[in-house]
Amino acid sequence: LQNVSNYAHTRDDIVSLSIQNLISKNPEYENLILFISMVDSQNIPKNLLVKHANNTVATNLLRDLQKVALISMDKNNLGDVTFSLHRAIQPIMLRYLIHKLQLNSDSSQIEDIINTIESYISTEISNGSLAKSLIVHLESLLKNKTILNELMLIRIQKELGNCYRLVGQYEDAAKLLTKSLEFYTQYKGKNNIETAKVQEYL
């Protein structure tokens with residue numbers, strides 16, 4: 001048991017140090033690493049990172065993550081570049097960044113991630129195949145409840161509901177979109193643009 005504990009501690013230190021070094025090399029990596037720490041660890045679309053920063057920064061980060069053996073590259077069934085992390089590594093990265101950035105439910109970095117996802121879905125997701133690839137990432141994002149406020153959760157649920165709708169999971173979609181509509185109607189008003197968008201999805 002002691003050996004197992006020592007291994008886990010050593011692994012945490014190695015991953016944390018690797019992330020620290022990468023961010024020291026390029027501070028623009030910080031928000032991207034946070035992004036990939038909060039979504040599902042498998043088959044993350046490179047285009048999400050490009051949307052969050054730009055192609056140069058995203059490409060350089062993925063190259064540097066490969067160099068330290070933290071990710072593996074692949075392509076999905078649509079031919080888009082994706083990458084994956086070991087499932088045990090991702091929570092270490094997130095813990096490190098929560099501590100380093102003192103993240104909470106009012107943190108602008110998390111707000112920026114949700115803004116990116118909303119923008120990505122509104123401009124890129126127009127069919128079930130693309131929506132299906134994002135569902136697992138939105139579901140994983142919702143699990144980070146300790147650093148998400150109520151509005152953030154509703155915004156993610158709205159996008160997840162839309163993706164469910166696009167892949168034909170209408171019952172799941174209706175549950176999330178109805179909850180989102182109730183929230184937006186109460187706090188934003190019936191004539192708010194976000195309220196109207198949810199009504200359109202329903």
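**Cavity lining and aromatic rings**

Biologist: By class, how many nonpolar, polar and charged residues does the lining of the largest cavity have?

Modeller: This is a predicted model, so local features need pLDDT of at least 70 and side-chain atom pairs pLDDT 80 or more, while totals for chains, interfaces and linings use all residues. Residues are numbered from 1 along each chain as its sequence is written, and side-chain values use heavy atoms, without hydrogens and water. A cavity is a set of points on a 1 Å grid over the protein atoms alone where a 1.4 Å probe fits but cannot get out, and its lining residues have an atom within 4 Å of a point. With Ala, Val, Leu, Ile, Met, Phe, Trp, Tyr, Cys and Pro as nonpolar, Asp, Glu, Lys and Arg as charged and the others, Gly among them, as polar, the lining has 3 nonpolar, 3 polar and 1 charged.

Biologist: Which residues line the largest cavity?

Modeller: Good one to follow in the viewer! P45, a member of this lining, is found in strand β1, residues 44-45 (strands, E, are DSSP runs of at least two residues, helices, H or I, of at least four, numbered from the N terminus). The full set is P45, N47, N76, D80, Y120, L130 and S133.

Biologist: Is P45 buried or exposed?

Modeller: The relative accessible area of P45 is 7%. Under 20% is buried, over 50% exposed and in between partly exposed (1.4 Å probe, protein chains only). With that 7%, P45 is therefore buried.

Biologist: How far apart in space are P45 and H137, C-alpha to C-alpha?

Modeller: In sequence, P45 and H137 are 92 residues apart. Their C-alpha to C-alpha distance in space is 9.8 Å.

Biologist: Let's turn to the rings. Why is the pair of F183 and Y184 edge-to-face?

Modeller: The structure holds 2 aromatic pairs (Phe, Tyr or Trp rings, the six-membered one for Trp, with centres within 6.5 Å; planes under 30 degrees apart are stacked, over 60 edge-to-face, the rest tilted). In F183 and Y184, the ring centres are 5.8 Å apart, and the pair is edge-to-face because the planes lie at 85°.

Biologist: What is the angle of the ring planes of F183 and Y187?

Modeller: Both residues belong to helix α9 (residues 170-187), 4 residues apart, about one turn of the helix. Their ring centres lie 4.7 Å apart, and the pair is tilted because the planes are at 40°.

Biologist: Which residues form one aromatic cluster?

Modeller: F183 is buried, at 10% relative accessible area, whereas Y187 counts as exposed, at 51%. Y184 is buried, as is F183. The cluster consists of F183, Y184 and Y187.

Key:
On a 1 Å grid over the protein atoms alone, a cavity is a set of points where a 1.4 Å probe fits but cannot get out, and a pocket is an open set with protein on both sides within 12 Å along at least five of seven lines; lining residues have an atom within 4 Å of a point.
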